[in-house]
Amino acid sequence: MLLVCLSLILINFTFGLEVFSDYLERQPDGWILAKGNVETYHKSYYIKADSVRYNPETKEIIAEGNVFVRSLDGKLEAMGSYAYLNLEEDAGYYLNAQGRFERFYFWAKSVEKSGDVYVVKEGEITTCPPDRKEMVLCFSRARIDDKYVFSTNNSLKLFKIPIAYLPISLYPVGDRRSGLLPPTIGSNSFNTFIYQQPVYWAISRDKDLTLTLDFRDKQAKGSSLEYRQAIFKENDLQFHISYYREPKPAGEWWQGRDFKTFRQNRYSTKLSLALQNFKAGLEIISDPYFLEDTSLRKEERTRPYVSSYVSYKNEFDRFSVSFEAKHFYDTTSPNNKRTLHKLPELSIYWKPQPIIRNLFFSAYSSYTNFYREEGLRGQRILLLPEISIPKNIMGKVFYSRITFENFYYFGLNQKGYKNNVFSFFFSEKAPFIFDLKKGNFEMKNFFEASYSFREKDFNNPRFDNLDNLKKQSQIDLAFRNSISYKEREFLNLYFSSAYNYLGKYTYLGSTVERKILPVRAIASLKPLEHISLYTDSLYDVKDGFFLSTSNGIRLEYGKTNFSIGRLLTKDFQKQIRTDQTSLSLNASYKSITFGFSLTRDNRIDKDLIRQVNINHDGPCWSFGILARDNYDGTRGRYIKEVYLTFNIFDLQRFTVPLRR
């Protein structure tokens with residue numbers, strides 16, 4: 001045993017190698033043989049085997065029997081029947097090997113190593129954990145480095161069943177590596193086949209780029225490019241450009257549209273920049289139907305407008321300043337001539353400052369240039385100084401406010417409007433808070449009464465809500481209540497109404513004789529953890545009917561939730577304006593997720609949208625199918641869509657957030 005210890009010390013200091021074993025000897029040919037529970041430590045590797053031979057002259061290691069090799073940087077772990085390593089050249093090979101390199105698990109007849117490059121022959125590779133090896137890529141040869149896995153003669157297998165043959169494949173190894181992202185495949189009423197293939201380029205730590213190729217067998221074909229860069233935080237700069245070539249003459253998807261908007265070359269450009277207080281955005285589309293025809297996302301397809309803007313906001317101790325210029329493009333009209341833009345708007349807000357005790361002064365001023373090609377346009381200057389007086393009366397705080405309204409209009413292209421408006425607006429608010437608690441029950445109550453007054457109406461231009469200067473004399477009442485049991489809120493109530501001394505009220509464009517305004521009532525009830533109900537209604541006290549109701553119920557049990565709701569609105573003539581029913585169901589079982597949603601217009605007796613999606617998430621892969629029907633009222637028909645999504649070896653994870 002003493003001889004073994006002396007030999008270990010000699011090897012450690014002379015060759016930088018430590019060997020621990022039950023038996024150790026130096027053989028006549030100069031090799032050192034270790035047997036029985038052999039553990040070898042080197043500056044780069046840890047090796048465990050039944051027997052290990054080491055040549056001090058050539059720095060070669062041969063390990064046999066239950067060989068386990070681990071690189072001390074954590075990148076490689078391999079097991080096999082035989083391993084050869086040349087420590088000086090950092091090269092070698094393994095036989096009948098299996099293990100892990102970075103996040104990939106591999107099995108192979110042989111693995112050759114040269115520096116940080118590994119060549120794997122007749123093997124398979126996956127990112128699934130070894131105990132759930134559901135998807136694997138079988139190959140005849142693969143080259144693995146610290147960035148990519150490049151393999152040839154590939155067979156992609158799912159549950160041991162071949163599903164695709166790939167002559168060559170390329171997969172990224174670490175985080176944020178360039179490469180192909182999972183594609184989207186589908187079809188709709190206008191295209192038999194749709195294929196979108198994104199290509200990801202991780203340019204550097206703080207910037208990346210995605211190129212998406214979009215093929216449709218009938219509609220426009222094109223591509224899009226999105227560039228992202230972090231400057232102060234994630235995604236401070238984003239630039240997106242798309243180009244599509246529309247077939248000519250126009251296809252059936254243009255039926256019911258204004259053919260004056262047809263463009264054979266269709267495009268969109270979108271830029272957003274956020275640099276702390278400064279923000280800018282640019283969005284241009286070639287025609288109002290571009291988003292509807294090219295986007296697969298419902299939120300994008302139904303956007304009513306796109307906008308371009310420049311803004312700057314800054315807060316100081318006593319005041320704040322803001323500058324903003326906004327240009328809108330209306331996607332709901334064939335042209336943009338009547339759309340109102342703010343080019344630009346400059347405002348200054350002087351924060352409340354005490355003049356004397358309990359007397360505060362603040363002021364808001366702005367200049368706005370309202371522009372449109374057709375319709376009323378002009379410029380406006382606002383000056384709104386304000387005096388506020390908080391008062392404590394019998395332990396309650398009352399808040400008085402007087403705003404002196406000064407509106408100046410010039411450059412108007414239409415006559416008949418008042419160019420200068422001088423008025424004042426007065427309001428008085430009295431909030432009351434009273435809470436009750438008994439045992440496990442707790443009740444929180446908030447009540448606010450307010451009075452507002454403006455002397456008269458004004459025939460001034462109406463560009464935005466600030467121009468809505470109408471005579472006012474009204475008392476508003478609002479009440480909020482929440483009840484909790486053992487700190488869990490199960491009931492929440494809100495009521496509001498008003499008494500209008502003028503005796504007139506406007507709703508949905510109609511003015512009626514009313515002193516008591518409709519009562520707004522909102523209630524949400526959650527009697528149990530998995531049941532919640534809500535209602536939001538507007539009730540006309542004089543005629544005794546509901547102007548609007550929005551009711552719903554949501555049920556949750558485990559990983560399943562179901563909700564159903566209905567929205568109904570009427571005008572003062574009791575004519576139905578909106579009547580829609582919506583329901584949704586989402587459920588998960590093990591690795592399968594199911595979703596269904598429906599929105600129905602009861603007035604026309606049509607489902608506006610029906611959507612079903614099913615997703616299966618494997619240990620290193622996922623598959624999803626989405627089927628959707630959209631009702632097009634212009635054409636009087638349903639537009640059907642079906643899309644398949646794939647995620648092979650979790651490639652989607654490589655587009656992680658940018659970092660500075």
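## Exercises on strands, spaces and special bonds

In strand S29, isoleucine 483 is the bridge partner of methionine 443. Strands such as this one are DSSP runs of E with at least two residues, and helices are runs of H or I with at least four residues, both numbered from the N terminus. You are looking at a predicted model, where local features need pLDDT of at least 70, side-chain atom pairs count only at pLDDT 80 or more, and totals for chains, interfaces and linings use all residues. Residues are numbered from 1 along each chain as its sequence is written, and side-chain values use heavy atoms, with hydrogens and water left out.

### Exercise 1: the neighbours of S29

Find the strands that pair with S29, and give the number of bridges for each.

Solution. Let us start with the rule: two strands pair if DSSP finds at least two bridges between them.

- Step 1. Look at strand S28, residues 441-454; S28 and S29 are antiparallel and share 14 bridges.
- Step 2. Now turn to strand S30, residues 488-500, which runs antiparallel to S29 and is joined to it by twelve bridges.
- Step 3. Check one pair here: leucine 477 has serine 497 in S30 as its bridge partner.
- Step 4. Visit the hairpin of S29 and S30, where two residues lie between the strands and lysine 486 has a positive phi near 55°.

### Exercise 2: two hairpins around S16

Trace the path from S15 through S16 to S17, and state how many residues lie in each hairpin connection.

Solution. Follow the chain in order.

- Step 1. S15 covers residues 194-204 and S16 covers residues 207-216; their pairing is antiparallel, with nine bridges.
- Step 2. Pick out isoleucine 194, which faces arginine 216 of S16.
- Step 3. The hairpin of S15 and S16 has two residues between the strands.
- Step 4. S16 also pairs with S17 (residues 221-229), again antiparallel, through eight bridges. Leucine 211 is opposite leucine 225 in S17.
- Step 5. Four residues connect S16 to S17 in a hairpin.

A general point helps when you look at any such sheet: in a regular strand, side chains alternate between the two faces.

### Exercise 3: enclosed spaces

Describe the linings of the two largest cavities by residue class.

Solution. First, the terms. The search uses a 1 Å grid over the protein atoms alone: a cavity is a set of points where a 1.4 Å probe fits but cannot get out, a pocket is an open set with protein on both sides within 12 Å along at least five of seven lines, and lining residues have an atom within 4 Å of a point. Grid points are joined across faces, edges and corners, and the volume is the space filled by probe spheres set on them. Ala, Val, Leu, Ile, Met, Phe, Trp, Tyr, Cys and Pro count as nonpolar, Asp, Glu, Lys and Arg as charged, and the others, Gly among them, as polar.

- Step 1. The structure has two cavities of 30 Å³ or more.
- Step 2. The largest cavity holds about 120 Å³. It has 16 lining residues, and Phe190, Gln219, Glu292, Asp293 and Arg301 are the closest to its centre.
- Step 3. Helix H2 (290-294) and strand S41 (637-648) each give two or more residues to this lining.
- Step 4. Sort the lining of the largest cavity: five residues are nonpolar, four polar and seven charged.
- Step 5. The second largest cavity holds about 50 Å³. Among its lining residues are Leu76, Tyr94, Phe106 and Ile144.
- Step 6. Sort the lining of the second largest cavity: nine nonpolar residues, no polar and no charged.

### Exercise 4: an open space

Work out which strand gives the most to the lining of the second largest pocket.

Solution.

- Step 1. This pocket contains about 660 Å³ of space.
- Step 2. Its lining has 24 residues, with Arg454, Asn468, Lys470, Lys471 and Gln472 nearest the centre.
- Step 3. Strands S26 (396-410), S29 (472-485) and S31 (504-507) each give two or more residues.
- Step 4. S26 gives the most, with four residues.

### Exercise 5: unusual backbone spots

Locate the prolines joined by a cis peptide bond to lysine 248 and to leucine 343.

Solution.

- Step 1. Lysine 248 is joined to proline 249 by a cis bond with omega about 5°. Proline 249 sits in the loop between strand S18 (237-245) and S19.
- Step 2. Leucine 343 and proline 344 share a cis bond with omega about -5°. Proline 344 belongs to strand S23, residues 341-356.
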